[in-house]
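Notebook open, structure loaded. I want to look up a few contacts and see how they fit together.

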Amino acid sequence: MTEKQMVKDAEKQAPTPQNQSLNGRLLFAIIASAFGSAFQHGYNTGVVNAPQALIEKWISGVISGRNDGKPTDQTQVTLIWAVAVSIFCVGGMVGGLSTGFVAEKFGRKGGLLVSNALVILSAALQGVSKMYSSYELIIIGRFIIGINSGLNAGLTPMYLAEISPMNLRGSVGTVYQLVVTISILISQILGLDYILGTAELWPVLLALIIAPAIFMFATLPFCPESPKYTLINKKKDIEAERGLQWLRGTIEVHDEMDEMRAENEAMKVIPKVTLREMLSNPMLKTPLGISVMIMLCQQLSGINAVMFFSTKIFNMAGMSNDGAKYATLGMGSLNVIMTLISLFLVELTGRKTLLMIGFSSMFVVTVMLTIALMFVNVSSIVSGLAVVLVMAFVIAFAVGPGSIPWFLVSELFNSSARPLATSIAVGVNWTANFVVGLGFLPLQEMLQSNVFLIFVVLLALFVLYVYKKVPETKNKTLEEIQMGFRQESYK
């Protein structure tokens, strides 16, 4: 082998500035930011399901005690519980819409730490609610943790996108959804009636959110702020370079720094991005429309409907209540496994490809599930098929639609527009989540299993939209992605 060939081989093997491998420090920063934040989003989504009957009984006792032992109207109890559950999404909307302000004011890492303080307050309020016989403390606590979760849903994917090398951006972005699925499963397991789902221990179940908050306070301060934020917003060139060197585990970060400096120079001639600019400038309006639509696609895909219907379908298949409960845990485990697999697939196949595969598969499965539910009481084979279809739906969702929307918005915008765009997209996601939660039960009562026909139509439209409008961002720089929007705006 000649010396020239050896040099060429060495150049091929050496990672380019945008083609870095995962190192210990970057992994530490990913875990410190994602575990403490995404855990709250998932855990507080799932934690209220198992102890519902216990807490409703306690609420009834509290109301009766306040009314000198008079019998309690169950409608009032149901309403209070519905408020306690749904107020989490209202807080999420507030937090989501505040993401831009917090990200600009405190930074990505700084914003996460500020938001994390809300967890301590929420855990304290929910933990002492039974002691003080106050269901109001649960409602306030869930509203506060909702704000925290809404902020986390915007800040964490933004931080992860800005600290990741280009070739790992998708995989690292998927970590947020992975932790969400893990924490939902943890909440389901801890809520079992022989662990913390008891009349005495349910306040502990609600207050356990303090554990990941302590973890974040103990780890995240050792990680650097997003180098992009440090350079572009704080104008601290040397500090940004040090942060990037820490994350990459090498001092050879000159090309990445040059790219960030070029973005910084380009932004100097661009006025500050306002909401009016975001909605009128074709270069911003197009990616914003894609970001918002992908968030709507995620929430209106029918995943919440299938999750809600799963226990009923398992019962129809002849499972006992306990069997259905464990089948639901199995479904949660499957969600975790498939999200973990998507972490690797997203860099192999690309974002658009996984979204197409996910939504197309969900469409086919939903058509089959709608038909199966019409005959579920006729044949045990059909009822077994319905169970398999529920599992297949969860797999299809976890492959792409579950994780990609959270980080795609960060890939479509530069640093000046990213916070505002993230605020809008995450705010829309939480609003859609709230609307689905509020509207699904009345629709289900009216249409029964035919409610899935609505999602069949929506999923068909989502597949068409992704195919026509969503760009592939895999292994593309921000300049390359925006060049595509520029060409689109000239058509």
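I started at phenylalanine 452: skipping neighbours within four places in sequence, it is in contact (heavy atoms within 4.5 Å) with Ala305, Val306, Phe309, Thr366, Leu369, Thr370 and Leu373. Note to self: this is a predicted model, where local features need pLDDT of at least 70, side-chain atom pairs count only at pLDDT 80 or more, and totals for chains, interfaces and linings use all residues. Residues are numbered from 1 along each chain as its sequence is written, and side-chain values use heavy atoms, with hydrogens and water left out.

Next I checked the largest nonpolar core, meaning buried (under 20% relative accessible area, 1.4 Å probe, protein chains only) Ala, Val, Leu, Ile, Met, Phe, Trp, Tyr and Cys residues joined through side-chain atoms within 4.5 Å. The core has 128 residues, and Phe452 is listed with Ile59, Met278, Phe359, Leu369 and Phe413 as touching the most other members. I also found a second, separate core of eight residues, with Leu231, Val253, Met257 and Met260 among them.

Then I looked at the helices (DSSP runs of H or I, at least four residues, numbered from the N terminus). Helix 17 (residues 351-374) packs on helix 21 (residues 452-469) at about 160 degrees, axes 9 Å apart. That makes the pair roughly antiparallel, the word for angles over 145 degrees. Axes here are lines fitted to C-alpha atoms over the stretch in contact, with angles from 0 to 180 degrees between N-to-C directions.

Last, tyrosine 467: buried or exposed? It is exposed (over 50%), at 53% relative accessible area. Tyrosine 467 sits in helix 21 and, beyond neighbours within four places in sequence, contacts Lys352 and Met356.

Technical notes: Helices (H or I, at least four residues) and strands (E, at least two) are DSSP runs, numbered from the N terminus. Angles under 35 degrees count as roughly parallel, over 145 as roughly antiparallel, 65 to 115 as roughly perpendicular and the rest as oblique.
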